[in-house]
Amino acid sequence: MNNQNSQADLLKELRIDRKPGPPPSRRGLWIAIAVAIALLLAVLAAWALFGRDRSVEVRTAPVVASGGGAAAASVLDASGYVVARRMATVSAKITGRVREVLIEEGMTVEEGQVMATLDPVDADAQRSLSAAQLAAARTQVGNVQARLKEAEANARRLQSLVQQQLVSRAQYEQAVAERDSLRAQLASAQRNVDVAGDQLKIADIGVDNTVVRAPFDGVVVAKAAQPGEIVSPLSAGGGFTRTGIGTVVDMDSLEIEVDVGEAYIGRVKPKMPVEATLNAYPDWKIPAEVIAIVPTADRGKATVKVRVALKEKDPRIVPDMGASVSFLEEARAADEAQRRTLRVSAAAVVERDGDTVAFALAGDDRVERRVLRVAGGTGAQREVLSGLAPGDEVVLDPPADMADGDRIRIAQQ
């Protein structure tokens with residue numbers, strides 16, 4: 001019996017197990033995919049960093065315009081000051097106490113803009129009185145008109161009665177006289193109405209005079225009054241009364257006045273070209289021209305005043321600035337303008353494929369290849385006839401393989 005059990009156990013051990021086992025693990029596949037993606041990203045980053053942006057570090061220099069300058073064409077130099085031909089100290093037409101000031105230094109004002117107001121108590125009272133007088137005069141006209149209407153009716157009635165000999169002619173004549181008198185009173189009353197109306201208009205002007213307005217467009221350069229002070233168009237009160245609210249200057253009327261010695265005034269002509277320089281901005285050359293030579297001389301200084309018009313308007317030009325001017329000969333000034341040339345560093349000019357070229361900075365940190373036409377000669381600077389403009393930045397010592405559109409980096413100085 002035991003032998004049979006042992007054989008049965010041996011047969012069970014030799015039986016093939018046909019049940020499917022657990023699926024193989026895919027962890028190694030996912031790890032391989034992740035490694036491949038990481039390698040791809042690294043390749044893309046390296047291409048973006050080193051392959052796509054292969055910028056070259058370079059040095060640059062500007063293209064400058066040069067020429068003989070105004071000094072070469074100058075026949076006379078003089079100094080003077082900037083002055084305003086249109087400047088006004090604005091004041092009220094009447095004497096009054098300042099109620100409000102609406103301006104500050106440096107403020108731009110337009111013609112008619114309110115700059116200040118005065119206390120209108122007196123002016124308002126005068127206007128109220130004038131309005132009451134006008135109303136009374138109109139009431140008087142109405143009263144006379146009513147009486148005149150009655151007198152005219154009475155005169156017509158008596159006229160018919162006197163024709164019928166029912167009343168005496170004396171009564172009729174008395175009624176006619178009363179009618180004519182009332183007609184004269186009505187005319188007088190109507191004239192009083194006109195006079196009262198004119199007085200009201202004058203009172204309105206008096207009220208308007210309490211408002212100080214800007215006489216023209218300009219800039220406030222001085223504020224002279226404060227609320228509570230008394231202002232007057234005439235100086236009064238021993239210096240305690242202000243005579244103005246503020247000073248307005250028309251900046252479009254600025255010009256330069258210079259004193260020229262008598263011995264040299266013959267060199268100055270009307271419409272003569274001038275180059276002006278402000279003491280505050282010595283590198284700024286302002287084109288100008290002679291307006292007029294004032295026909296009088298200063299006996300003490302032996303000078304003649306010359307007015308010079310500025311052809312450029314700029315907020316940097318303000319009254320009373322010191323200035324120097326150079327009077328130019330017109331023909332020589334034109335020659336100087338024609339002789340102005342462009343110059344660029346010789347290190348920026350190279351020969352490529354038989355052309356004389358330079359690489360100018362363009363947008364997006366790239367360069368643009370420019371074909372140049374240059375004047376003959378050697379040296380640190382080359383004269384450029386075409387291909388570049390004043391203010392252009394060009395690459396110095398461009399590499400031999402530099403081409404149009406290459407990306408560059410400007411070297412730190």
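Okay, let's start with how the chain folds back on itself: among contacts in the protein between residues at least 6 apart in sequence, 74% join residues at least 24 apart. Keep in mind that this is a predicted model.

What does the secondary structure come to? Six helices and 24 strands. The protein has 413 residues, and buried ones make up 32% of them. As for surface, the protein exposes about 26300 Å², with carbon and sulfur atoms supplying 52% of that.

Now let's zoom in on some aromatic rings. A pair of aromatic rings is described by the distance of the centres and the angle of the planes. How many aromatic pairs does the count come to here? Just one pair. That one is Y281 with W284: the ring centres are 6.0 Å apart and the planes sit at 75 degrees, so we call the pair edge-to-face. The cut-off for that label is over 60 degrees.

So, buried or exposed? Let's take the two partners in turn. W284 has a relative accessible area of 14%, and because buried means under 20%, W284 counts as buried. Y281 comes in at 29%, which makes it partly exposed.

There's one more residue to look at here, and that's R316. Where does its charged end sit? Over the ring of W284, 3.9 Å from the centre of that ring. R316 also lies over the face of Y281, and there the distance to the ring centre is 5.3 Å.

So if you have the structure open, go to Y281 and W284 for the edge-to-face pair, then find R316 over the ring of W284 and over the face of Y281.

Note on methods. Residues are numbered from 1 along each chain as its sequence is written. This is a predicted model: local features need pLDDT of at least 70, side-chain atom pairs count only at pLDDT 80 or more; totals for chains, interfaces and linings use all residues. Side-chain values use heavy atoms; hydrogens and water are left out. Rings of Phe, Tyr and Trp (its six-membered ring) pair if their centres lie within 6.5 Å; planes under 30 degrees apart count as stacked, over 60 as edge-to-face and the rest as tilted. Buried means under 20% relative accessible area, exposed over 50%, partly exposed in between (1.4 Å probe, protein chains only). A charge sits over a ring if NZ of Lys or CZ of Arg is within 6 Å of the ring centre and within 35 degrees of the ring normal. Helices (H or I, at least four residues) and strands (E, at least two) are DSSP runs, numbered from the N terminus. Contact means heavy atoms within 4.5 Å. Accessible areas come from the Shrake-Rupley method with a 1.4 Å probe; for residues, only the protein chains shown count as cover.
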